[in-house]
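Please work through the following exercises with the sequence and the 3D structure open beside you. Each task sentence is followed by a solution that goes step by step.

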Amino acid sequence: MTQSTTIATPDAEGDSPDWATLSYLDRARLITPLIEGEAESIEADKRVTDKVVDALRDAQLFWILVPKSLGGAGLGIVEAMEVNEQIAYADASVGWAFMANAFGTGILAGYLPESGSEFLYGGADKAITAGMSAPVGRAVKVDGGLRATGKWQFGSGSDYATWIGVGLQVTDADGTPLKTSDGQPDARFAVVPRDSVEFLGNWDVAGLVGTGSQDYAVSDVFIPEELAMSTFSTTPVRTDGVYYMGLLGISVAGHAAVAFGLMRRALHEVAKITDGKQRVGYPSPVGDYAVFQFEFAKYEAEYQSARAYAYDVYAQAEEFAAREGYLSPELTARVRQAATWAHHVTHRVVSFAHLWSGTQSFRNPSFMGRATRDSSVLTQHLLIDNITMIDAAPALLDSWKAG
């Protein structure tokens, strides 16, 4: 599967586009030049600019994984990944922050009590959500909901989010962790209003700088029961197939999409940089040099192969989940494997582009320089750690042993 780079354009008068006439992927393509033009400011200010946030909101892209019944796009997982890949191609920081917003929203739309998702997404002024689901905060049960306190890391996309997610371990009044009826920890992922959150502004990193993934905290905030879901739930409230992908399945799909966008950007940049580029000692321009061309063809194949495998696996997984109401052990393993593999390939592809791009790999501002830095952070997330391959291996081995 190849990715078209055709970009829709506004009309000659520069009026706002008629979004309703465009596919969601074409909407992402349309705002790509805007994101590219804002990329330098995004990195300098360590946040996605208002112009980009407004464009994403106007195009209704934040809600691609919200069901149509709530006024969202109701996209499948592959369609949503393609949108996210395009945005990450424009700028990886925007792609990452958008992934945190849109794919996190998909989880909340599918797993919150219906009254909660209707409250957040059913009206004209739909929530933009961000936040960390790991249950590192504490919540005490009270009448009608929870009272939450805690501190979380990596609030990607939180600079402009209207509701902030908090992962919680539910305890009794004495602080003793509670368990569910099946013996699991009573862990919740909930959202709180932006104005109840303290943002700590401590995002100082080498790459993905513009994601604004700062730490944040809340203190004794009340959360209504309908705005909290079980962290370990495997049964969505809504029955669209995409939600049966599960919390991890939806999450890692977004991570893979950002990786593909970043790889595509790196390949695009190195192809431009080496075109006609003269370098001492080379018998021809770098772009015409046989060794470079061999390497380019090899790493372009790695990108295309990893992308085709991942999109195929996610399409199979969603189709199976829609039909059966769950994911098989093999597909669960392949969903994780494909996302992790995408990041392994990203490291190699971006390293290749970095090596052949010369000084453009470290100059500011430059797309190649950002791609190099962003890759160093992108490939370090817990959800695509090497351990995920070990976790996936037993189910994969079983499938091969069965023939």
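## Exercise 1: a salt bridge between helices

In this predicted model, the side chains of Arg264 and Glu85 form a salt bridge, with N to O at 3.4 Å. Work out which parts of the chain the pair links, and decide whether Arg264 and Glu85 are buried or exposed.

Solution. Begin by placing the two residues: Arg264 belongs to helix 6 and Glu85 to helix 3, so the pair, 179 residues apart, links distant parts of the chain. Then turn to accessibility, where Arg264 and Glu85 both count as buried.

## Exercise 2: the packing of helix 3 on helix 7

Describe how helix 3 and helix 7 are placed relative to one another, and state which residues make the contact.

Solution. Start with the geometry: the axes of helix 3 (residues 77–90) and helix 7 (residues 290–324) cross at roughly 145° and come within 9 Å. Next, list the residues in contact, which on helix 3 are Ile77, Val78, Met81, Glu82 and Glu85, and on helix 7 are Tyr303, Arg307, Tyr311, Tyr314, Ala315 and Glu318. Finally, sort them by class, which gives seven nonpolar and four charged residues, with no polar ones.

## Exercise 3: two buried arginines

For Arg238 and Arg336, find the nearest side chain of opposite charge and identify a polar partner for each.

Solution. Arg238 lies in the loop between strand 7 (228–230) and helix 6 (246–274). Arg238 is buried but has no salt bridge, because Glu118, its nearest side chain of opposite charge, is 4.2 Å away and the cut-off for a salt bridge is within 4 Å. Its side chain does, however, make a polar contact of 2.9 Å with the side chain of Ser117.

Arg336, located in helix 8 (residues 329–356), is likewise buried without a salt bridge, and Asp391, its nearest side chain of opposite charge, is 5.4 Å away. The side chain of Arg336 instead reaches the backbone oxygen of Leu383 at 3.2 Å, and the residues it touches include Leu248, Val252 and Thr388.

## Exercise 4: a partly exposed pair

Classify the accessibility of Glu302 and of Arg348, which together form a salt bridge.

Solution. The closest N and O atoms of Glu302 and Arg348 are 2.7 Å apart, and the pair connects helix 7 with helix 8 across 46 residues. Glu302 has a relative accessibility of 21% and therefore counts as partly exposed; Arg348, at 28%, is also partly exposed.

Key:
Residues numbered from 1 in each chain as written. Predicted model: local features only at pLDDT ≥ 70, side-chain atom pairs only at ≥ 80, totals over all residues. Heavy atoms only, no water. Axes fitted to C-alpha atoms, helices over the stretch in contact; angles between N-to-C directions. Helix = DSSP H or I, 4+ residues; strand = E, 2+ residues; numbered from the N terminus. Contact = heavy atoms within 4.5 Å. Nonpolar A, V, L, I, M, F, W, Y, C, P; charged D, E, K, R; others polar. Buried < 20%, exposed > 50% of the residue type's maximum accessible area, 1.4 Å probe, protein only. Lys, Arg positive; Asp, Glu negative; His and termini not counted. Polar contact = N/O pair within 3.5 Å; in protein donor to acceptor, adjacent residues only side chain to side chain. Lists of a residue's contacts leave out its neighbours within four places in sequence.
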